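Work through the exercises below with the model open. Each task is followed by a stepwise solution.

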Amino acid sequence: MSFVQCADELAARRDGLRFRSVTMWKCRNCSLEVMPRSAEPKIDGDGVFFLCSGCKQRNDLVNVADDRDEYELDQPSVD
């Protein structure tokens, strides 16, 4: 799936997105906890992300779905 197709598909499925079973996503900059449903994931040339509503920091997300045509977003683990 190309970047443009992926971006269009993500936008089209906004209401149908699934999120990994976590209660909150945490901003990597200010530690604000955000509910995944209210984070409004976006996609650009660098990948999928959400902007923290507190500090506006970009926070990367990854697609962890088993099926390539599905979207199940989660934060990448920090090593």
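Strands here are DSSP runs of E with at least two residues, numbered from the N terminus. The model is predicted.

**Exercise 1.** Locate Arg28 relative to the strands, then classify its exposure.

*Solution.*
- Step 1: Find the flanking strands. Arg28 sits in the loop that links β2 (25–26) to β3 (33–34).
- Step 2: Take the relative accessible area, which is 45% for Arg28.
- Step 3: Apply the cut-offs. Buried is under 20% and exposed is over 50%, so Arg28 is partly exposed.

**Exercise 2.** Which backbone oxygen lies 2.5 Å from a polar side-chain atom of Arg28?

*Solution.*
- Step 1: The oxygen belongs to Pro76.
- Step 2: Check another pair. Arg28 and Arg58 are 30 residues apart along the chain, and their C-alpha atoms are separated by 8.5 Å.

**Exercise 3.** Count the disulfides.

*Solution.*
- Step 1: Set the cut-off. Two cysteine sulfur atoms must be within 2.5 Å.
- Step 2: Count. The result is zero disulfides.
- Step 3: Test Cys30. Its nearest cysteine sulfur is that of Cys52, 3.6 Å away, so Cys30 is in no disulfide.
- Step 4: Test Cys55. The sulfur of Cys27 is the nearest, at 3.7 Å, and Cys55 is in no disulfide either.
- Step 5: Add exposure. Cys30 is partly exposed at 37% relative accessibility. Cys55 is partly exposed at 29%.

**Exercise 4.** Describe the protein chain as a whole: its elements and its buried share.

*Solution.*
- Step 1: Count one helix and seven strands.
- Step 2: Read the order from the N terminus: α-β-β-β-β-β-β-β.
- Step 3: Of the 79 residues, 30% are buried.

Note on methods
Residues numbered from 1 in each chain as written. Predicted model: local features only at pLDDT ≥ 70, side-chain atom pairs only at ≥ 80, totals over all residues. Heavy atoms only, no water. Buried < 20%, exposed > 50% of the residue type's maximum accessible area, 1.4 Å probe, protein only. Helix = DSSP H or I, 4+ residues; strand = E, 2+ residues; numbered from the N terminus. Polar contact = N/O pair within 3.5 Å; in protein donor to acceptor, adjacent residues only side chain to side chain.
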